[in-house]
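This note goes through the model in numbered points. Please keep the sequence and the structure in view while reading.

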Amino acid sequence: SGLTRYRPDAEPPRVRFTGVRIDTLSMAPADLTEVETGTHLRVELAATDFGTLPTKRQYRYRVVEQDTVWRSVTGVGHLEWTPQKPGRFHLEVQALDRSLNASTPIRLPLTVVLPWYRDLRYAGPLWSVVVLAIAAIALLARRAISLRRETQRMRQQMLDQEHAAHA
């Protein structure tokens with residue numbers, strides 16, 4: 001008869017984390033403990049949704065502590081994020097089906113830390129040792145130059161005394 005009735009899905013999809021990749025290291029989401037600032041983080045996702053083709057699935061995410069709106073990830077089963085500042089964060093993800101029903105959000109807790117060379121607990125003592133080493137090298141170099149000058153002065157004095165004795 002040419003008439004079509006659209007009935008949107010009543011059941012929202014379910015989403016889960018399937019893996020995490022930090023630069024080139026892959027791991028299970030439960031194994032993720034800390035991430036350094038500036039590190040590329042890729043979170044693999046999977047949705048249980050039998051009414052939407054996998055290529056048409058949509059995901060959205062946000063970092064709860066810094067985003068007020070959701071970021072969209074369409075047609076791919078992963079999201080990518082590079083944390084810029086240290087702290088405790090929660091990556092929240094939802095899947096959307098073809099009827100735009102949103103899944104219950106899932107959360108991945110993340111602890112973002114500074115790299116060791118920017119963390120004052122490690123960098124402070126390290127830079128103190130470096131400064132002390134440079135100061136010690138400068139003092140030793142100054143002492144060596146002083147001794148060389150003294151040696152040259154004494155050698156010249158000895159030569160002058162020999163010349164005076166033979167004259």
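**Notes on the predicted model**

1. Thr 39 is a suitable place to begin: this residue is buried, because its relative accessible area is 10% and the cut-off for a buried residue is under 20%. Thr 39 belongs to the loop that lies between β3 (34-36) and β4 (41-48). The structure under review is a predicted model, and each statement below should be read as a description of that prediction.

2. What does Thr 39 touch, if residues up to four places away in sequence are not counted? The residues are Ile 22, Asp 23, Trp 81, Thr 82 and Pro 83. In addition, a polar atom of the Thr 39 side chain lies 2.9 Å from the backbone oxygen of Glu 36.

3. The confidence of the prediction deserves attention before further detail. The chain has a mean pLDDT of 87, and 98% of its residues reach 70 or more. Confidence in the chain is highest in β9, at a mean of 94, and lowest in β6, at 81. As a general caution, predicted coordinates should not be read in detail where pLDDT is low.

4. One open sheet contains four strands, arranged in the order β2-β1-β4-β7 with antiparallel pairing. The strands β2 (25-27) and β7 (78-81) stand at the edges with a single partner strand each, so one side of each has no neighbour in the sheet. On average, neighbouring strands of this sheet are turned by 25° against each other, direction ignored.

5. Within that sheet, strand β1 (residues 14-22) pairs with β2 in the antiparallel sense, over three bridges. Ile 22 has Leu 25 of β2 opposite to it. Ile 22 is also one of the residues that Thr 39 touches.

6. His 78 is found in strand β7. Is this residue buried or exposed? His 78 counts as buried, because its relative accessibility is 16% and the limit is 20%. The side chain of His 78 makes a polar contact of 3.0 Å with that of Arg 42, and another, of 3.4 Å, with the side chain of Glu 80. When neighbours within four places in sequence are left aside, the contacts of His 78 are Arg 42, Val 43, Glu 44, Leu 45 and Val 73.

7. A further open sheet is formed by five strands, in the order β3-β9-β8-β5-β6, and its pairing is mixed. Its edge strands, β3 and β6 (71-74), each pair on one side only. From one strand to the next, the twist averages 35°.

8. How many bridges join the strands of this five-stranded sheet? β3 and strand β9 (residues 106-113) run parallel and are joined by three bridges. Strand β8 (residues 87-96) and β9 run antiparallel, with seven bridges between them. The pairing of β5 with β8 is antiparallel over six bridges. Particular residues help to locate these pairings on the model: Val 35 stands opposite Val 112 in β9, and Leu 91 stands opposite Leu 108, also in β9.

9. Val 63 lies in strand β5 (residues 58-63), where it stands opposite Leu 91 in β8. With a relative accessibility of 1%, Val 63 counts as buried. Apart from residues up to four places away in sequence, Val 63 touches Trp 81, Phe 89, His 90 and Leu 91. Between Val 63 and Pro 83, which are 20 residues apart in sequence, the C-alpha to C-alpha distance is 9.8 Å.

10. The final point concerns the interior. In soluble globular proteins, nonpolar side chains tend to be buried together. The largest nonpolar core of this model has 24 residues, and those with the most contacts inside it are Leu 41 and Leu 110. At least two residues of this core come from each of β1, β4, β5, β7, β8 and β9.

11. Which residues are in contact with Leu 110, leaving aside its neighbours within four places in sequence? They are Leu 32, Val 35, Leu 41, Trp 81, Gly 87, Arg 88, Phe 89 and Leu 91. Several of these names have appeared above: Trp 81 is touched by Thr 39 and also by Val 63, while Leu 91 is the residue in β8 that stands opposite Val 63.

Definitions and conventions:
Residues are numbered from 1 along each chain as its sequence is written. This is a predicted model: local features need pLDDT of at least 70, side-chain atom pairs count only at pLDDT 80 or more; totals for chains, interfaces and linings use all residues. Side-chain values use heavy atoms; hydrogens and water are left out. Buried means under 20% relative accessible area, exposed over 50%, partly exposed in between (1.4 Å probe, protein chains only). A polar contact is a pair of N or O atoms within 3.5 Å; within protein, one must be able to donate a hydrogen and the other to accept it, and residues adjacent in sequence count only if both atoms are side-chain atoms. Contact means heavy atoms within 4.5 Å. Two strands pair if DSSP finds at least two bridges between them. Axes are lines fitted to C-alpha atoms, for helices over the stretch in contact, and angles run from 0 to 180 degrees between N-to-C directions. A nonpolar core is a set of buried Ala, Val, Leu, Ile, Met, Phe, Trp, Tyr and Cys residues joined through side-chain atoms within 4.5 Å. pLDDT is the predictor's confidence in each residue, from 0 to 100.
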